[in-house]
Amino acid sequence: MLNVKIILRILNPENTVRYLYFLFLTAFIPFLDCYIILLTARYMGEYLFLALLIAFSLAGFFLSIYIVKKNLFIIRTNTENHYFSEYYYNMFPGTLFVSFFLIMPGIFGSLVALILCIPYFRYKWGLVISSFLRIDWKEIHEFINVID
């Protein structure tokens with residue numbers, strides 16, 4: 001039931017264009033990071049700057065694993081208790097968005113992601129993503145309860 005609905009939603013040209021606009025807007029941060037990388041690599045030295053980027057990416061990767069697992073654990077626990085908390089469902093897309101920028105190498109993206117790691121901002125950004133992509137979390141929660 002839900003899978004067909006998602007496929008029909010994705011195949012709808014209006015929704016597909018929405019997804020593409022969203023991806024286009026998120027691509028600006030890596031472009032800005034590339035510009036900052038080109039500017040600062042000259043002054044720091046290429047190898048030192050590369051080591052710094054690798055360190056940021058590894059730290060971001062482990063932080064991403066932690067926050068995604070924590071969010072999914074809370075959602076799973078709430079689902080097993082048949083409790084619907086739209087807060088954590090809306091926080092999930094914000095968490096994935098933050099994780100993307102934490103893992104991507106770059107200074108500006110990492111700084112933006114660290115600011116967005118604050119739960120309030122993650123929730124607000126996840127709420128924006130959920131409404132922009134028109135995700136019905138109540139329906140997804142009910143579907144998960146039916147499957148389990």
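# Reading a helical model

Analyst: Twelve nonpolar residues and one polar residue form the lining of the largest pocket, and no charged residue is part of it. Keep in mind that this is a predicted model.

User: How many residues line the largest pocket, and which are closest to its centre?

Analyst: The largest pocket holds about 330 Å³ of space. There are 13 lining residues, and those closest to the centre are Phe22, Pro93, Leu96, Ile129 and Leu133. Phe, Pro, Leu and Ile are on the nonpolar list, so these five names count as nonpolar.

User: Which elements give two or more residues to the lining of the largest pocket?

Analyst: Those elements are α2 (13-26), α5 (86-103), α7 (119-133) and α8 (137-147). Helix α5 contributes the largest share, with five residues.

User: How do you know where empty space is left?

Analyst: A probe the size of a water molecule is rolled over the atoms, and that shows where empty space is left.

User: Let's step back to the whole protein. How many helices and strands are there in the protein?

Analyst: The protein has eight helices and zero strands. Read along the sequence, that gives the pattern α-α-α-α-α-α-α-α. Along the principal axes, the C-alpha atoms fill a box of roughly 55 × 35 × 20 Å. Of the 148 residues, 32% are buried. Take the contacts between residues at least 6 apart in sequence: 74% of them join residues at least 24 apart.

User: Why is serine 99 called buried?

Analyst: Its relative accessible area is 7%. Buried means under 20%, so serine 99 meets the cut-off. Serine 99 is found in helix α5. Leaving out residues up to four places away in sequence, serine 99 touches Ser64, Ile67 and Val68. Those three also appear among the buried residues of α4.

User: Is phenylalanine 100 buried, exposed or partly exposed, and why?

Analyst: Phenylalanine 100, also in helix α5, has a relative accessible area of 42%. Partly exposed is the class between 20% and 50%, and 42% falls there, so phenylalanine 100 is called partly exposed. From phenylalanine 100 to serine 110 the C-alpha distance is 9.6 Å, with their positions ten residues apart in sequence.

User: What makes serine 110 count as buried?

Analyst: Serine 110 has 6% relative accessibility, and buried means under 20%, so the label fits. Serine 110 lies in helix α6. Apart from its neighbours within four places in sequence, serine 110 is in contact with Phe56, Phe101 and Met104.

User: How do you know that the reach of α4 is close to what is expected?

Analyst: Helix α4 has 35 residues, and from the first C-alpha to the last it reaches 50 Å, set against 51 Å expected at 1.5 Å a residue. Inside α4, threonine 79 and isoleucine 65 are 14 residues apart in sequence and 21 Å apart in space, C-alpha to C-alpha.

User: Why is threonine 79 called buried?

Analyst: A relative accessible area of 3% is under the 20% cut-off, so threonine 79 is buried. The buried residues of α4 include Phe49, Leu53, Gly60 and Thr79. Their packing partners are α3 (28-44), α5, α6, α7 and α8.

User: What follows α4?

Analyst: Histidine 82 does, with a positive phi near 55°. Histidine 82 is a residue other than glycine, and its place is the loop between α4 and α5.

User: Why does histidine 82 count as exposed?

Analyst: Exposed means over 50%, and histidine 82 has 62% relative accessibility, so the word applies.

User: Which residues of α7 are buried?

Analyst: They are Arg122, Tyr123, Gly126, Ile129, Ser130 and Leu133. They cover an arc of only 130° around the axis, so they are on the same side of α7. The cover over these buried residues includes α2, α4, α5, α6 (107-116) and α8.

User: How far does α7 reach, and what is expected?

Analyst: With 15 residues, α7 reaches 20 Å from its first C-alpha to its last, close to the expected 21 Å. After α7 comes arginine 134, whose phi is positive, near 55°.

Definitions and conventions:
Residues are numbered from 1 along each chain as its sequence is written. This is a predicted model: local features need pLDDT of at least 70, side-chain atom pairs count only at pLDDT 80 or more; totals for chains, interfaces and linings use all residues. Side-chain values use heavy atoms; hydrogens and water are left out. On a 1 Å grid over the protein atoms alone, a cavity is a set of points where a 1.4 Å probe fits but cannot get out, and a pocket is an open set with protein on both sides within 12 Å along at least five of seven lines; lining residues have an atom within 4 Å of a point. Grid points are joined across faces, edges and corners, and a volume is the space filled by probe spheres set on the points. Helices (H or I, at least four residues) and strands (E, at least two) are DSSP runs, numbered from the N terminus. Buried means under 20% relative accessible area, exposed over 50%, partly exposed in between (1.4 Å probe, protein chains only). Contact means heavy atoms within 4.5 Å. The expected span of a helix is 1.5 Å times one less than its number of residues. The arc is that of the directions from the helix axis to the C-beta atoms.
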